[in-house]
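Me: I would like to learn how to read the features of a structure. Could you take me through this one step by step?
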Number of protein chains: 2
Amino acid sequence: MTIEQTILQMARDAKKAASVLGRCDTTRKNRTLLTMADLLEQQADVVFRENRKDLERAEAAGLSAAMVDRLRVDDKTIASMAGGLREVAGYDDPVGTMGPTRMRPNGLRVARMRIPLGVIGIIYESRPNVTIDAAGLCLKSGNAVILRGGSEAIASNQALARIIAQALESTGLPPQAAQVVPTEDRAAVNALLAQEEFVDLIIPRGGEGLIRFVVEHSKIPVLKHYKGVCHVFVDESADLEMAMDIAFNAKVQRPGVCNAMETLLIHRQVAGDFLPAMARRFAEAGVELRGCPDTCALLPEAKPAEEADWPAEYLNLTLAVKVVADMDAAMTHIDQYGSNHTEAIVTSHYGRAQRFQREVDASVVLVNASTRFNDGGQLGLGAEMGISTSKLHAFGPMGLEELTTKKFVVSGEGQIRE
Amino acid sequence: MTIEQTILQMARDAKKAASVLGRCDTTRKNRTLLTMADLLEQQADVVFRENRKDLERAEAAGLSAAMVDRLRVDDKTIASMAGGLREVAGYDDPVGTMGPTRMRPNGLRVARMRIPLGVIGIIYESRPNVTIDAAGLCLKSGNAVILRGGSEAIASNQALARIIAQALESTGLPPQAAQVVPTEDRAAVNALLAQEEFVDLIIPRGGEGLIRFVVEHSKIPVLKHYKGVCHVFVDESADLEMAMDIAFNAKVQRPGVCNAMETLLIHRQVAGDFLPAMARRFAEAGVELRGCPDTCALLPEAKPAEEADWPAEYLNLTLAVKVVADMDAAMTHIDQYGSNHTEAIVTSHYGRAQRFQREVDASVVLVNASTRFNDGGQLGLGAEMGISTSKLHAFGPMGLEELTTKKFVVSGEGQIRE
């Protein structure tokens, strides 16, 4: 079989499996997830053995230590994957839930019922744990899934795929409900993105290059974010101690992720009070500052920012800093350079807090809290499949509910249309 | 300017206008809609004069009488457009509404706020009333809109565009909030579909050919349905009088629309009682039947159905008829040939009604009611922008709410992430 034929067959099989899974009750789905967690722990040695092949190949190919590390599956990874599955088993199942019923003047009763999307394709890089995490969320929400991990993790992902299939079979579900693409060939990605007849949604997870490639080539709807250029704006009315804690947390707690702060905006009135103390704290943590002229006048240690700094997603301990005239100027800056991901204001002014929340165009807009809270778990959705900055369907972190849709169910007693 | 430059400029302007419109309060949006309705009535003669140019061109080009008729704007069209705008002005505004607030363990308060999508592109054929109807719904939901009507209606659409712009200016809103593409050149469609940076959603309305073209070429998310191959299944437990009324209504009341029935499925046990009487009623209305062998054995007047009849969307008084062994066979048939649009069962069996509603994969699933109820107005959404059979974002009729999305708004008192 050619790669195209293999993928077509997988997509067809997934579609069939999806209709079984869509009708499957919650108890059996949970049992499958719990079995999968148990099998993962029982067969950890098999996973380690296969993972070692990937690691050796990666080292031989001269991949960076950080990349090799992302690839590694150890006891902690197994525990985290198994724990994740057990957690998802405990979540409420959105499938079949119905909102309020509307009674129409002719007596028709109209309601909307949550149903799975169908078949979801996940395209991701490196970390093998995504294979288990994504499969768990898709299965719980009644969706079949086709998983396409990075070629460097193929042995690990195949080992995990066998465990997933065993778990599905143990509860009588079709193993085609969660399939891992069995080839490293990049043509498989293109083939998957062309299966619009069978695949309902594509979620790419990885660097901006991967995501742009997927959006460019997909005929299937894609949920994604390209990058997170997140701002914290310190208003003149801010509690400056609070602002310092929030800005520090947003930048330093985990700088390599999409909801970390990349640019700090400060109201001109408080820049003199705020920036020198803030800069000392940042300096202790090793943060390098790139400032606007006003910032550099206050902080001689800051490098002058260039135009390229304002839209930059550093993903490290670099921070752009800009003094602005007021909240309007901050919002204009965010509008121009932000990525619709996460934006925060620190203020004690009621009206400005309200206006910032209402008017800033981002998937999560925070008042007096760190940008790092843009996360499904932190916002109360449970585990997430990633964060969407597309506005269609899902805007923000995607939990189980975002992996479903709603159909109308209508109940009558013979109504016809006049 | 080239066409590409014109469209790029329109998209940029629309994006700017969208941010004004997104912050605009409901009162001003309503005032704009009401002014637009008044202007339409006051300037009806101008619209008629421009419409006459389109009609003359269409006749000269030898378009069919039906097509020329679709193009015509008369007193009734004006009244219907103005009435539609006044109705939309009366709807609740979804923008800014918030669902329940979730209190997180750390005291963060998390809610979701409805916001406009941004810029919507509508690509449609013939009927000039879509220009006004679509503009009204987009403006009310806070979205800027770029309208690309059929080239045969260009003079009419330009006249309507001037009225829309006057209404916007009269309330101080940017006229770029609703723009009509000023050229007949098809290249404008391709150029519009490439504006992913500025346009958030494309809604094509028209024949399957247009819609497939749009999906094929768009880099922007598209909400659409290709066709409506809708079924009514008459269960053995059905009240046969009710079933007859529903099947008749679903086929005959307006056969040319997407929620009309195209195939009737009958449980074997009641086919002998049901089909001859049903066929007589259909015959009186001029319905032509294409039957499976069992149907033809009961109804000598029915033509034998070919394989091409089962997936056919006739959009006229032709009907495919099939006798099935039971509800499972009916659901298998629907699964194979349906278009995820509208499916109905007539039954008095509780469990089968429930199962049909739960398991059939369509945007609207009805028990004991006509398929003709798949309509925003009939289901209580108000006027609709069309019906989606894509599952992402909207599944079924799209009202004002489907033209919005939700962002997370988070309120804290200095929370940081541990």
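Reply: We start with a term. A salt bridge is a side-chain nitrogen of Lys or Arg within 4 Å of a carboxyl oxygen of Asp or Glu. Bear in mind throughout that this is a predicted model.

Me: How many salt bridges are there between chain B and chain A?

Reply: The count between the two chains is six. One that can be looked up is formed by B:Lys219 with A:Glu216, where the closest N and O atoms are 3.6 Å apart. That distance falls within the 4 Å limit.

Me: How many residue pairs are in polar contact between chain B and chain A?

Reply: There are 44 such pairs between chain B and chain A, counting those with both residues at pLDDT 80 or more. As for where the chain B side comes from, the elements that give two or more residues include helix 9 (208-217), helix 10 (240-252) and strand 13 (364-369) of chain B. The most comes from strand 16 of chain B, with eleven residues. Sorted by class, the side of chain B that touches chain A has 30 nonpolar, 18 polar and 21 charged residues.

Me: How do I read the extent of the contact, and which residues of chain B lose the most area to chain A?

Reply: One can count residues or add up area. By count, 69 residues of chain B are in contact with 69 residues of chain A. By area, about 5,600 Å² is buried between the chains, and carbon and sulfur atoms give 51% of this. On the chain B side, the residues that lose the most are B:Leu392, B:Phe408 and B:Arg417, together 15% of what that side buries.

Me: Next, sheets. In what order do the strands of a sheet stand?

Reply: A sheet is read from one edge to the other. One open sheet here has ten strands, in the order 10(A)-9(A)-11(A)-8(A)-7(A)-12(A)-13(A)-16(B)-2(B)-1(B), and its pairing is mixed. Its edge strands are strand 10 (303-304) of chain A and strand 1 (102-103) of chain B, each of which pairs on one side only.

Me: Where does that sheet pass from chain A to chain B?

Reply: Strand 13 (residues 364-369) of chain A is joined to strand 16 of chain B by five bridges, and the two run parallel. To find the place, take A:Val367, which stands opposite B:Ser411. Within chain A, strand 7 (residues 230-234) and strand 12 (residues 342-346) also pair in the parallel sense, over four bridges. There A:Phe233 has A:Ile345 as its bridge partner.

Me: What happens at the chain B end, and is strand 2 of chain B mostly covered or exposed?

Reply: Strand 2 of chain B is mostly covered, with seven of its eight residues buried. On one side, eight bridges pair it in the antiparallel sense with strand 16 of chain B, and B:Arg114 has B:Lys406 as its partner there. On the other, two bridges join strand 2 of chain B to strand 1 of chain B, again antiparallel, with B:Arg102 opposite B:Val110. Strands 1 and 2 of chain B form a hairpin with five residues between them, and B:Gly107 in the turn has a positive phi of about 90°.

Me: Which strands stand at the edges of the other ten-strand sheet?

Reply: That open sheet has the order 1(A)-2(A)-16(A)-13(B)-12(B)-7(B)-8(B)-11(B)-9(B)-10(B), with mixed pairing. Strand 1 (102-103) of chain A and strand 10 (303-304) of chain B stand at its edges with a single partner strand each, so one side of each lacks a neighbour in the sheet. Further in, strand 9 (residues 288-291) and strand 11 (residues 318-324) of chain B pair in the parallel sense over four bridges, with B:Gly291 opposite B:Val321.

Me: Why is strand 6 of chain A called largely enclosed?

Reply: The reasoning goes by counting buried residues. In strand 6 (residues 201-205) of chain A, four of the five residues are buried, so the rest of the structure largely encloses this strand. Five bridges join strand 3 (residues 119-124) of chain A to strand 6 of chain A in parallel, and A:Ile122 has A:Ile203 as its bridge partner.

Me: Is A:Glu196 buried or partly exposed?

Reply: A:Glu196 lies in the loop between helix 8 (187-193) and strand 6 of chain A. Its relative accessibility is 37%, so A:Glu196 counts as partly exposed. Leaving out residues up to four places away in sequence, A:Glu196 touches A:Lys219, A:Ile220, B:Val215 and B:Tyr226.

Definitions and conventions: Residues are numbered from 1 along each chain as its sequence is written. Chains are lettered from A and ligands numbered from 1 in the order in which they are written. This is a predicted model: local features need pLDDT of at least 70, side-chain atom pairs count only at pLDDT 80 or more; totals for chains, interfaces and linings use all residues. Side-chain values use heavy atoms; hydrogens and water are left out. Contact means heavy atoms within 4.5 Å. Buried area is the accessible area (1.4 Å probe) that two parts lose on being put together, summed over both. A polar contact is a pair of N or O atoms within 3.5 Å; within protein, one must be able to donate a hydrogen and the other to accept it, and residues adjacent in sequence count only if both atoms are side-chain atoms. Ala, Val, Leu, Ile, Met, Phe, Trp, Tyr, Cys and Pro count as nonpolar, Asp, Glu, Lys and Arg as charged, and the others, Gly among them, as polar. Two strands pair if DSSP finds at least two bridges between them. Buried means under 20% relative accessible area, exposed over 50%, partly exposed in between (1.4 Å probe, protein chains only).
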